Amino acid sequence: PAAVSPATIRLELPLAAGLSLTATDPAARFALSPDGRRIAFVASSGNGPSMLWVRFLDTLSTQPIAGTDGASYPFWSPDSQSIAYVARPSSQNVGSPGTLRRVDVSGGRPVMLADRAFSATGAWGPGDVILFTPTGNSPLHRVSASAPGPPAAVGGLDAGSGEVQHCFPSFLPDGRHFVYTSLGSRTAANDARGV
């Protein structure tokens with residue numbers, strides 16, 4: 001059968017009065033929920049701290065998520081009911097690791113999943129598995145979103161070829177495999193090696 005071209009969709013999300021985006025890296029700013037109904041973003045109100053805000057795409061109102069001060073790099077649970085993010089106190093250097101946390105969108109206190117998380121988005125897969133980068137010189141690690149425990153490395157770095165970091169994971173549709181970005185080469189630590 002002939003292929004059907006998908007419709008073009010354009011969307012603007014004006015911020016409410018007094019809100020401003022606080023993250024400079026686009027990956028640190030926004031995350032669309034898997035069900036396509038909500039967007040989470042990092043913003044501050046006035047002189048307040050950066051925190052997570054959520055907007056249903058069929059409304060114009062935005063809601064802050066309480067207790068998410070210092071949030072960045074949000075990513076959603078597969079069921080679109082929770083958000084994981086990197087939290088860093090405003091007094092902490094931007095390049096230093098924060099903590100990995102999760103919060104239910106319907107309310108409740110954030111839960112710390114790992115005491116170290118690098119400034120990069122993670123991925124939340126089936127079975128409550130979260131993949132993330134704990135430090136600026138590590139492979140991906142996994143931790144449970146429902147029963148936090150010590151994070152465990154997923155694979156290792158190829159130091160002989162100059163690889164220094166794995167980051168920005170994304171689960172494939174089967175929920176078992178994932179892709180990620182590999183950084184580092186023999187000539188420069190911040191070279192993107194590929195996916």
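Where is G46 found? The loop between β3 (38-45) and β4 (51-56) holds G46. This report starts there and then moves along the chain. The model is a predicted one.

## G46 in its loop

G46 is exposed, because its relative accessibility is 52% and the cut-off for exposed is over 50%. In sequence, G46 and A17 are 29 residues apart. In space, their C-alpha atoms are 9.4 Å apart.

## A salt bridge

How many salt bridges does the count come to? The count is 1 salt bridge. The side chains of D104 and R102 meet in a salt bridge, with 2.7 Å from N to O. Side chains of opposite charge can pair when their charged atoms come close.

Now look at how much of each residue is accessible. R102 has a relative accessible area of 16%, so R102 is buried. D104 has a relative accessible area of 29%, so D104 is partly exposed. Buried means under 20%, and partly exposed lies between that and the 50% limit.

## An open sheet

Four strands build an open sheet: 4 strands in the order β10-β11-β12-β13. Their pairing is antiparallel. Which strands stand at the edges? They are β10 (123-125) and β13 (152-153). Each has a single partner strand, so one side of each is left without a neighbour in the sheet.

Strand β12 covers residues 141-144. It runs antiparallel to β13, and 2 bridges join β12 to β13. Find R142 in the structure: R142 stands opposite A152 in β13. In a regular strand the side chains alternate between the two faces of the sheet.

## The loop after β13

S161 sits in the loop between β13 and β14. Is S161 buried or exposed? S161 counts as buried, because its relative accessibility is 17%. The side chain of S161 reaches the backbone oxygen of D158 at 3.1 Å.

## A hairpin

β14 and β15 form a hairpin, with 6 residues between the two strands. In the turn, G175 has a positive phi of about 75 degrees. The strands β14 and β15 run antiparallel, and 5 bridges join them. One pairing to look for is F171 with F178: F178, in β15, is the bridge partner of F171.

S182 belongs to strand β15, which covers residues 178-183. S182 counts as buried, because its relative accessibility is 8%. Which side chain does S182 contact? The side chains of S182 and E163 are joined by a polar contact of 2.4 Å.

## The second largest pocket

The second largest pocket has a volume of about 200 Å³. Which elements give two or more residues to its lining? They are β10 and β14 (165-171). So the pocket brings back two strands: β10 is an edge strand of the open sheet, and β14 is part of the hairpin.

The lining has 15 residues. Nearest the centre of the pocket lie A123, W124, G125, S170 and F171. F171 has appeared before, as the bridge partner of F178 in β15. What kinds of residue make up the lining? It divides into 10 nonpolar, 5 polar and no charged residues.

How values were computed: Residues are numbered from 1 along each chain as its sequence is written. This is a predicted model: local features need pLDDT of at least 70, side-chain atom pairs count only at pLDDT 80 or more; totals for chains, interfaces and linings use all residues. Side-chain values use heavy atoms; hydrogens and water are left out. Two strands pair if DSSP finds at least two bridges between them. Buried means under 20% relative accessible area, exposed over 50%, partly exposed in between (1.4 Å probe, protein chains only). A polar contact is a pair of N or O atoms within 3.5 Å; within protein, one must be able to donate a hydrogen and the other to accept it, and residues adjacent in sequence count only if both atoms are side-chain atoms. On a 1 Å grid over the protein atoms alone, a cavity is a set of points where a 1.4 Å probe fits but cannot get out, and a pocket is an open set with protein on both sides within 12 Å along at least five of seven lines; lining residues have an atom within 4 Å of a point. Grid points are joined across faces, edges and corners, and a volume is the space filled by probe spheres set on the points. Ala, Val, Leu, Ile, Met, Phe, Trp, Tyr, Cys and Pro count as nonpolar, Asp, Glu, Lys and Arg as charged, and the others, Gly among them, as polar. A salt bridge is a side-chain nitrogen of Lys or Arg within 4 Å of a carboxyl oxygen of Asp or Glu.
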